[in-house]
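Colleague: Could you take a close look at one helix for me, and walk me through what packs around it?

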Amino acid sequence: MNRDEKTAIVAELNDSFSRAKFAVVADYCGLKVSELQQIRIDLRNCDSEIRIAKNTLLKKAVQNTDSVSLSDDFSGTTAVVIAYGDPVIPAKVVAKFADEHDKFKIRSASFEGGKLGVAELVALSKLPTKDVLLGQLLSVMNAVPTGLVRVLSGVPRTFLYGLQAIKDQKEQAAS
């Protein structure tokens, strides 16, 4: 690989890391190509990708990005998962793939500039997706006015029950 090719790869990786909201560094030594293809397809469906490159190129590519904290983990056989959208779905894919394949070992992750460990990545993967969280928030926000309407409608309803009881008493006294 000549210098121009390396420069192009570093520029492309730097662009990917700059746009990334979430990145995971993992060791893929011993995985079959078909297994890597499986995770590529799963990640492509959630606005993410897995990249494999030389560690020296990766270290240069993460400079001046939010993922610079990952540069210490670039050693050995390195695969980088880069997510551009909601980080929960790619975290679920990576955690599930790591559970199913012992040879795929997660080293660390980066989420909007902060470094995450393996346990934090697994915790992130157990969160509901952004759409589910928004739905839960809306249901909570909808419950407050609904409860208020029920409470406020209870006062006139109780008053009407009282009037009905008085009317029934007078009808019974009249008969």
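Modeller: Here is helix α4 and its surroundings.

This is a predicted model, where local features need pLDDT of at least 70 and side-chain atom pairs count only at pLDDT 80 or more, while totals for chains, interfaces and linings use all residues. Residues are numbered from 1 along each chain as its sequence is written, and side-chain values use heavy atoms, with hydrogens and water left out. The mean pLDDT (the predictor's confidence in each residue, from 0 to 100) is 89 for the protein, and 100% of its residues reach 70 or more.

Start with the sheet that α4 sits on. Five strands make an open antiparallel sheet, ordered β2-β3-β1-β4-β5 (strands pair if DSSP finds at least two bridges between them; helices, H or I, are DSSP runs of at least four residues, and strands, E, of at least two, numbered from the N terminus). At its edges are β2 (48-52) and β5 (114-116), each pairing on one side only.

Helix α4 (residues 88-100) packs on this sheet, touching β1 (22-27), β2, β3 and β4; contact means heavy atoms within 4.5 Å. Its direction makes about 10° with that of β1 (axes are lines fitted to C-alpha atoms, for helices over the stretch in contact, and angles run from 0 to 180 degrees between N-to-C directions).

Then there's helix α5 (residues 118-125): α4 packs with α5 at about 115°, their axes 8 Å apart. On the α4 side, Val 88, Ala 91, Lys 92, Val 94 and Ala 95 meet Leu 121, Leu 124 and Ser 125 of α5.
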